[in-house]
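Me: I would like a close look at one part of this model, and then a walk outwards from there. Please keep it brisk.

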Amino acid sequence: MLTIFEKLKNIALDIDKAIKNEDLGYSEHQNATGDEQLKLDVVSDTLVEHHLSDLSLVQAIISEEKEEIMPVNESGKYVICYDPLDGSSIVDVNLSVGSIFGIYEAGNLSGSGLRAAAYIVYGPRLELVLAVRGRVPRHYRSGARGLFSARSSVSLNEKGKLNAPGGTQKYWSPTHKAFIDSLFAEGYRLRYSGGMVPDLHQILLKGGGLFSYPGTQDKPKGKLRMLFEALPFALIFESAGGQAIDQEGRRLLDLTPEHIHDTTPCFFGSDYEIDKLKSAYGIHDG
Ligand code: AHG
Ligand code: MN
Ligand code: MN
């Protein structure tokens with residue numbers, strides 16, 4: 001795991017440089033989900049591939065930007081699923097973006113097979129958060145000469161103050177709209193940039209709140225992909241003492257995608273907000 005972590009630092013430094021210097025225009029292609037690919041999506045994907053494909057403990061890599069699984073070493077222990085550049089629609093306006101990684105046991109591409117997860121935030125500073133299953137997530141920041149130093153562990157309070165509601169409001173269900181309104185009525189403040197990495201990072205470092213991306217009329221299965229986005233953040237939120245569930249109240253970490261690019265409705269938060277969501281949606285535990 002340590003070797004993978006060392007690679008993530010190099011990936012962070014390389015993609016950070018690419019964001020600052022490369023062409024931000026569109027490539028001529030779409031990815032597996034049908035999104036227009038930016039040249040930067042492709043460059044970032046190639047950088048991650050370059051760094052991860054020389055690790056013998058990696059059996060295969062699966063990218064949001066690649067249609068198929070890419071084999072690396074048949075006898076490797078892990079499959080790494082990643083979104084090389086999350087937030088491609090806001091990189092042109094210079095908002096923070098990120099990369100997300102899920103490190104799965106080979107042969108078990110599911111929430112239960114997720115051993116570790118990490119994300120990188122490319123913001124005014126370069127930061128990295130790493131969660132190994134069973135341990136509290138750690139937060140790192142890069143400093144002089146690209147060296148990363150540990151900041152602190154990441155842990156959520158029982159309740160937060162921030163509300164990051166994703167999805168097109170016009171297509172929210174009445175239940176979801178009423179629930180989001182009730183949080184604002186309670187005093188929650190809107191914090192939504194359109195990049196799940198900085199939005200979730202903010203909730204994690206400020207100690208709590210809710211990020212939601214529900215199933216909507218136009219996207220019944222939500223937008224966020226299980227292997228590259230929802231499950232890695234689910235492990236990070238649970239490891240920080242929070243919760244991560246889908247619209248039926250199932251733990252995201254209990255889910256298994258049928259296809260590598262499957263999406264799921266998802267909710268990440270501290271206990272208070274997720275419990276409130278469950279009661280608004282009529283979900284009963286157990
Ligand atoms: P990507 O750039 O990898 O396609 O994903 C962006 C995601 C996520 O970061 C963000 O929370 C969500 O898309 C924003 O979606 P909306 O524009 O529908 O709010
Ligand atoms: Mn993404
Ligand atoms: Mn992406």
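How many bridges join strand S11 to S12, and do these strands run parallel or antiparallel? Please start there, then show me what surrounds this part.

Reply: First, a caution: this is a predicted model. Now the strands. Strand S11 covers residues 162–165, and 2 bridges join it to S12. The two strands run parallel. To find the pairing by eye, look for Asn163. Opposite Asn163 stands Leu190 in S12.

Next, step back to the sheet. S11 and S12 belong to an open sheet of 5 strands. Read across, the order is S12-S11-S13-S15-S14. The pairing in this sheet is mixed. Strand S12 (189–190) is one edge, and strand S14 (243–245) is the other. Each edge strand pairs on one side only.

Two helices lie across parts of this sheet. Helix H5 spans residues 226–239 and lies across S14 and strand S15 (266–269). Its angle to S15 is about 25°. Helix H6 spans residues 271–280 and lies across strand S13 (209–213), S14 and S15. H6 runs at about 30° to S14.

Aromatic rings also link H5 to S15. The model has 8 aromatic pairs by the rule used here. One of them joins Phe237 and Phe268, with 5.6 Å from centre to centre and 55° between the planes. The pair counts as tilted, because 55° is neither under 30 degrees nor over 60. Phe237 sits in helix H5 and Phe268 in strand S15. They are 31 residues apart, so the pair links distant parts of the chain.

Now follow the chain back from S11. The loop between S10 and S11 holds Glu158. What does Glu158 touch, leaving out residues up to four places away in sequence? The contacts are Ser270, Asp271, Tyr272 and Glu273. Take Glu273: it is 115 residues from Glu158 along the chain, yet their C-alpha atoms are separated by 8.7 Å.

On the other side of that loop comes a second sheet. This open sheet has 8 strands, in the order S4-S3-S5-S6-S7-S8-S9-S10, with mixed pairing. Strand S4 (70–71) and S10 stand at its edges. Each has a single partner strand, so one side of each has no neighbour in the sheet.

Look at the S10 end. Strand S9 (residues 138–142) and strand S10 (residues 148–153) run antiparallel, joined by 5 bridges. Ser142 stands opposite Phe148 in S10. The hairpin of S9 and S10 has 5 residues between the strands, and there Arg145 takes a positive phi near 55°. S9 also pairs with strand S8 (residues 126–132), again in the antiparallel sense, over 4 bridges. In that pairing Leu130 stands opposite Arg138 in S9.

Helices lie across this sheet too. Helix H1 (residues 2–21) lies across strand S5 (78–86), strand S6 (97–105), strand S7 (114–122), S8, S9 and S10. H1 runs at about 25° to S7. H5 returns here: it lies across strand S3 (58–63), S5, S6, S7 and S8. Its angle to S7 is about 100°. So H5 lies across strands of the 8-strand sheet as well as S14 and S15.

Last, the ligand. There are 17 residues around ligand 1, and Asp86, Gly87, Tyr192, Met196 and Tyr213 come nearest. Three polar approaches stand out. A polar side-chain atom of Tyr213 is 2.5 Å from an oxygen atom of ligand 1. For Gly87, a polar backbone atom is 2.7 Å from an oxygen atom of the ligand. For Asp83, a polar side-chain atom lies 3.1 Å from an oxygen atom of ligand 1. On its own, ligand 1 has 470 Å² of accessible area, and the protein covers 86% of that.

Conventions. Residues are numbered from 1 along each chain as its sequence is written. Chains are lettered from A and ligands numbered from 1 in the order in which they are written. This is a predicted model: local features need pLDDT of at least 70, side-chain atom pairs count only at pLDDT 80 or more; totals for chains, interfaces and linings use all residues. Side-chain values use heavy atoms; hydrogens and water are left out. Two strands pair if DSSP finds at least two bridges between them. Contact means heavy atoms within 4.5 Å. Axes are lines fitted to C-alpha atoms, for helices over the stretch in contact, and angles run from 0 to 180 degrees between N-to-C directions. A residue is near a molecule or strand if one of its heavy atoms lies within 4 Å of it. A polar contact is a pair of N or O atoms within 3.5 Å; within protein, one must be able to donate a hydrogen and the other to accept it, and residues adjacent in sequence count only if both atoms are side-chain atoms. Accessible areas come from the Shrake-Rupley method with a 1.4 Å probe; for residues, only the protein chains shown count as cover. Rings of Phe, Tyr and Trp (its six-membered ring) pair if their centres lie within 6.5 Å; planes under 30 degrees apart count as stacked, over 60 as edge-to-face and the rest as tilted.
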